[in-house]
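Me: I should like to learn how to read the features of a protein model. May we work through one together?

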Amino acid sequence: MARRPVIAGNWKMHNLQQEAADLTNGIMQELKSEDKEKLPEVVIAPTFTSLYAANKALTDCGCGKVKLAAQNCYFETKGAFTGECSVEMLKDAGCEYIIIGHSERREYFGETDEMVNKKAKAILSNGLVPIICCGESLEQREAGVTDYHISSQITKAFRDLTAEQAAKSIIAYEPIWAIGTGKTCDSKEANRVIAMIRNVIKGLFDAKTSEAIRILYGGSVKPATIKEQMAQSDIDGALVGGASLTADSFAQIVKGAM
Ligand code: PEP
């Protein structure tokens, strides 16, 4: 069965509540005339304080074309973890997806592969979908260890998951040197790495799981790049940062994936 594409917007630390509501409404306006069945899965990830505003805009619209994600979570269910949000809290706020292991969280907030694995388990056991990020630095690429590094990140992130849980998960391959730099990874090279990731999943689980799991590309995706990216055999969509911050460019990317 064909894999349904996913276009997810990572708003990072942008947008106050009113801005989040306006952007959410703007995206839905842009997608208003599109047939829901033909759209990719469209996901937006506001920061914690704007989840309520974005969720309210989505619920008020009621069109069901756009889903909500969080940009992070904690793996414990509750307790003395100052500053953290559990998966249950994010589900309660309307989230259906949670991004984990983003390179910015790994670099600035010490998120490790082991934490990504614990978060993935917590997300899946609450019935949500983890968007698990992986990717190499420029130094790793230049040292020729890209595939080794990514295989290791994926193997650790998926440790002790069932095949069914793995198949429901989403992976985002995001070369760190392409994030927020305007330098998009060559589509054929991104496809090669993503096919390699699919093969790692096949080795960890089975062929059926590797064929089912959606693997996105992320790193300076723009309206001008999406068609070529989506034309590749193994790229199932995009995780979009900068270009997800205006309704027009995000909607163009969504439409480019149809
Ligand atoms: C991201 O932060 O996940 C990302 C891909 O950002 P950008 O599209 O701005 O490179």
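The dialogue below takes up the ligand site, two helix pairs and two loop residues.

Reply: Please keep in mind throughout that this is a predicted model.

Me: How many residues surround the ligand, and which are the closest?

Reply: One begins by listing the neighbours of the ligand. Here the ligand is surrounded by 14 residues, and the closest are Lys12, Glu174, Gly180, Ser220 and Gly241. Sorted by class, this shell holds eight polar, four nonpolar and two charged residues.

Me: Which side chains have polar atoms at short range from an oxygen atom of the ligand, and what are the distances?

Reply: The general idea is to look for pairs of N or O atoms within 3.5 Å. In the side chain of Lys12, an N or O atom is 2.6 Å from an oxygen atom of the ligand. For Glu174, a polar side-chain atom lies 2.7 Å from a ligand oxygen. In the case of Asn10, the distance from a side-chain N or O atom to an oxygen atom of the ligand is 3.5 Å.

Me: What share of the ligand's exposed area does the protein bury?

Reply: One compares the ligand taken alone with the ligand in its place. Alone, the ligand exposes 290 Å², and the protein buries 96% of this area.

Me: How does one describe the packing of helix 5 and helix 7?

Reply: One reads the angle between the axes, their separation and the handedness of the crossing. Helix 5 (residues 113-125) packs against helix 7 (residues 146-157) at an angle of about 40 degrees, and their axes are 8 Å apart. An angle under 35 degrees would count as roughly parallel, and one of 65 to 115 as roughly perpendicular. The two helices are therefore oblique to each other. Helix 5 passes helix 7 in a right-handed crossing.

Me: What does the same reading give for helix 1 and helix 12?

Reply: Helix 1 (residues 17-30) and helix 12 (residues 247-256) have axes that cross at roughly 40 degrees and come within 9 Å. Helix 1 is therefore oblique to helix 12. Their crossing is right-handed.

Me: Where are Asn15 and Ser220 found, and what are their phi values?

Reply: For a backbone angle, one reads the sign, the value and the residue type. Asn15 is not a glycine, yet its phi is positive, near 80 degrees. Asn15 sits in the loop between strand 1 (6-10) and helix 1. Ser220, also not a glycine, has a positive phi of about 55 degrees. The loop that holds Ser220 runs between strand 7 (214-218) and helix 11 (226-230). Ser220 is also listed among the closest residues to the ligand.

Conventions:
Residues are numbered from 1 along each chain as its sequence is written. This is a predicted model: local features need pLDDT of at least 70, side-chain atom pairs count only at pLDDT 80 or more; totals for chains, interfaces and linings use all residues. Side-chain values use heavy atoms; hydrogens and water are left out. A residue is near a molecule or strand if one of its heavy atoms lies within 4 Å of it. A polar contact is a pair of N or O atoms within 3.5 Å; within protein, one must be able to donate a hydrogen and the other to accept it, and residues adjacent in sequence count only if both atoms are side-chain atoms. Accessible areas come from the Shrake-Rupley method with a 1.4 Å probe; for residues, only the protein chains shown count as cover. Ala, Val, Leu, Ile, Met, Phe, Trp, Tyr, Cys and Pro count as nonpolar, Asp, Glu, Lys and Arg as charged, and the others, Gly among them, as polar. Axes are lines fitted to C-alpha atoms, for helices over the stretch in contact, and angles run from 0 to 180 degrees between N-to-C directions. Helices (H or I, at least four residues) and strands (E, at least two) are DSSP runs, numbered from the N terminus. Angles under 35 degrees count as roughly parallel, over 145 as roughly antiparallel, 65 to 115 as roughly perpendicular and the rest as oblique. A crossing is left-handed if the near helix is turned anticlockwise from the far one by less than a right angle, and right-handed if clockwise.
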